[in-house]
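Hi,

Here is the structure I promised to pass on to you. Could you open it and follow along with the notes below?

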Amino acid sequence: MSPPASTKVDLFIVGAGPAGLALANWFRGANIKVLIVDKKPGPTPRGQAEGLKSTTNEIFDSYGIGPQVTAESWRLEEIACWGTRKDGGEGIVREQVIPDKVAELGKPRETMLQQSRVEHHMLHNILSHDNIEIRYSTAPISVDVDTSCVHEADTFPVSVSLEKVTTNINTTNGDTTNGTNCHATNGHHINGQNGHQPNEHDAPSDKISAKYIVGCDGARSWLRKQLDVSLEGDLTDSVFGVVDIIPKSNFPDIRRVCYLRAASGTILLVPRSNKEVRMYIPVESGTALPDPKDLTFDRVMDAARKIIAPYTMEVGSVSWWSAYRVRQRVGNHFSRLNERAFLVGDAVHTHSPKAGQGMNTSIQDAYNLGWKLRLTLEGKVRSSGARQDLLRTYESERRPVALDLIAFDKGFLKLFAAPSAQFDTEILQALKFTTGLSIRYPPSCAVQLPKGIEQLGPSLLKADLVPGKRLPDFRVVYQADGVPTWMHQRLSATGQFRVIIFAGDISDSTASKRLHDVGKYLGESKSLKHVVMPQSEQEPLVEVVVVHCAERDLVDLSALPEVYRPWSDESGYDFWRVFADVESVHDGHGRAYERLEIDRQVGCTVVVRPDGYIGAVLEVDDVEGVERYFEGMNV
Ligand code: FAD
């Protein structure tokens, strides 16, 4: 047998599910070598998840696959609530149909696309980039992190041994606990077996050296065990059957999202692609909690039929079903070993699938971590302390999101177990929560509060301009050609920050002069020039963008300072940085200033991080505030 090959990569990812693929997408076209391995033999054939929240769709927009995903997706527009009859009669009646709409978003809250298709688009988006390699039927068998050199930028402290998985392994067997921990003289040595016994046909193992390792390897994460990360939380008292069937039913709302509340339980019914519906059905067994292992498909369907009566529900075909007891658990750490090892997605949090949050949260975790790793690996963050501060924000930002999700999930399950009189209002609140509108990352190097302010008051469930919240999406038109765009579609995931200057009505001479002064300062500032102006054909780290609300024909793009339309010898002027909040030819008026509650006379400046979250909100001409932000980031 030949000796194991040794390969050096910058980033090693375990798991090519939604989280792993979303993470890899950050590195398209970057000068960063990425290797992803997955033990399954090829792309996911189907997958259980299907709902995509608007934030996740914005992430796809920024990866350039938004149009393909949207074209294939099905929108959810209405929710029907059914309950027991008020006249004491048997059976259920439709109580109301409510629009599946969160007005603050200004766009659909949720669309449906099967997990395998979601993964397909993310996978195909990376395949043409030869800096990213994906190996299926491959699993790590040991990992070793040399902590003596983790503080130096260009070291490869992570060593991984890989094994070809050629035997027919059970993909759910990651629960094995035969990993062992020991401390080698050169640092932290972690070593484990993945439960797969090699057979004589297995290829010799590969050795990988990496700068960083990320576990996107799902609920039974192998890396989590190697890193000694434990999950906190527990099993709940809820046992559910979940079925994906093509129904033969006379139930009139079978193609709407439905909450069906009967004396015997509550079904959540969600229409899916291919004429299928998904039903989550609580299963009870007298006073004792049934063991999911004892449940059969027929028993789950019998429980469903009882709830949906007097309507009938026969099974045309069943593509998948399962029974489970909900686990609500969050990892005690999301990163380890001086931020050289990370866990993402189901690998660090699990909860009930009913609110359709798992795939979305996993993709959003990966999106949060990806730009931080990219900036670090590209050497854009100058000191090792600043790099670590930035990478630490992955845990400080995403762990509270997972904890909030568990708290929400508990309430959501309770709502199902014992629906209150305010069921419909509570459902609407829940819909708002699932959009991520309540997420606000805490202050850090990447989220800076206005000078002199330590804390901000609550601004939950609102789409507003607050440091730490997501930039609410809005529609504007390009100054140069009048073509409309949503802002997140324009803010592609290149690793760049954006300084968005909401300059107000610049047909007014005061506002126009202010914009000129700001532009001149930013383009010439000693501390910013190297990051805002293109350097030797490279995209600048910070893109300065203008959104004004003047009539377009009163604005002369070519007269604006160069930082708003920089020149490159290769491609001339960049005409795609100035936008107007005006009526478009075909798509109406986006009313961005109104939506974001920005005064048209006063304006403001917003620093947007590469992941679309707000880093700082400043007065429109607070150029020192912009300098302070990037000094704080040490870029
Ligand atoms: P996974 O999808 O589990 O991917 C992990 C990957 O790692 C897999 O490809 C696996 O093969 C690989 N892997 C594992 N171990 C190893 C190893 N040792 N070596 C190499 N590779 C390894 N979420 C939603 O957002 N919306 C929904 O509507 C929704 N519905 C759901 C319905 C059900 C019934 C269930 C069970 C889940 C649902 N979810 C939903 C949750 C969603 O499926 C998960 O949260 C999501 O798939 C997690 O993504 P991930 O990439 O973190 O992990």
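Strands E3 and E7 (residues 110-112) run antiparallel and are joined by three bridges. One of the pairs to look for is Lys53, whose bridge partner in E7 is Glu110. Please keep in mind throughout that this is a predicted model. E3 and E7 belong to an open, antiparallel sheet of three strands, ordered E3-E7-E4. E3 and strand E4 (74-75) are the edge strands here, and each of them pairs on one side only.

Have a look at Leu52 as well, which sits in strand E3. Is Leu52 buried or exposed? With 26 other C-beta atoms within 10 Å, Leu52 counts as buried, because 20 or more is the cut-off for that class. Leaving aside residues up to four places away in sequence, Leu52 touches Asn57, Ser73, Glu110, Thr111, Leu113, Val118 and Asn360. Of these contacts, Thr111 lies 59 residues from Leu52 along the chain, yet their C-alpha atoms are 5.2 Å apart.

E3 also turns up in the domain picture. The domain assignment splits the protein chain into domain 1 (6-68 + 114-229 + 332-412), domain 2 (74-110 + 233-327) and domain 3 (475-633). Where domains 1 and 2 meet, domain 1 contributes 10 residues and domain 2 contributes 12 residues. On the domain 1 side, strand E3 (residues 51-53) gives the largest share, three residues. That side of domain 1 is made up of two nonpolar, five polar and three charged residues.

Next, the ligand. It is surrounded by 35 residues, and Gly15, Gly17, Gly218, Gly345 and Gly358 are the closest. Helix H1 (18-25), strand E9 (138-145) and helix H7 (358-377) supply at least two residues each to this shell. Which element gives the largest share? That is H7, with four residues. Sorted by class, the shell holds 14 nonpolar, 15 polar and six charged residues.

From E9 you can step across to E10: the two strands pair in the antiparallel sense over seven bridges. Thr138 faces Lys164 of E10 in this pairing. E10 also pairs with strand E13 (residues 206-215), again in the antiparallel sense, through five bridges. There, Val160 has Ile208 of E13 as its bridge partner. Strand E10 (residues 158-164) is largely enclosed by the rest of the structure, because five of its seven residues are buried.

Finally, there is an open sheet of seven strands with mixed pairing, in the order E23-E22-E28-E25-E24-E31-E32. Strands E23 (484-486) and E32 (614-618) are at the edges with a single partner strand each, so one side of each has no neighbour in the sheet. From one strand to the next, the twist averages 30°. Within this sheet, E24 (residues 497-504) and E25 (residues 542-548) run parallel and are linked by seven bridges. Gly504 stands opposite His548 of E25. Helix H11 (residues 509-524) packs on the sheet and touches both E24 and E25, with its direction at about 160° to that of E24.

If you would like a place to start, I would go to Leu52 in strand E3, then follow E3 to the side of domain 1 that touches domain 2.

Enjoy looking around, and write back with any thoughts.

Best wishes

Conventions
Residues numbered from 1 in each chain as written. Predicted model: local features only at pLDDT ≥ 70, side-chain atom pairs only at ≥ 80, totals over all residues. Pairing = 2+ DSSP bridges. Axes fitted to C-alpha atoms, helices over the stretch in contact; angles between N-to-C directions. Contact = placed C-beta atoms within 7 Å. Domains from an automatic or database assignment. Nonpolar A, V, L, I, M, F, W, Y, C, P; charged D, E, K, R; others polar. Near = placed C-beta within 6 Å. Buried ≥ 20, exposed ≤ 12 C-beta atoms within 10 Å, placed from the backbone.
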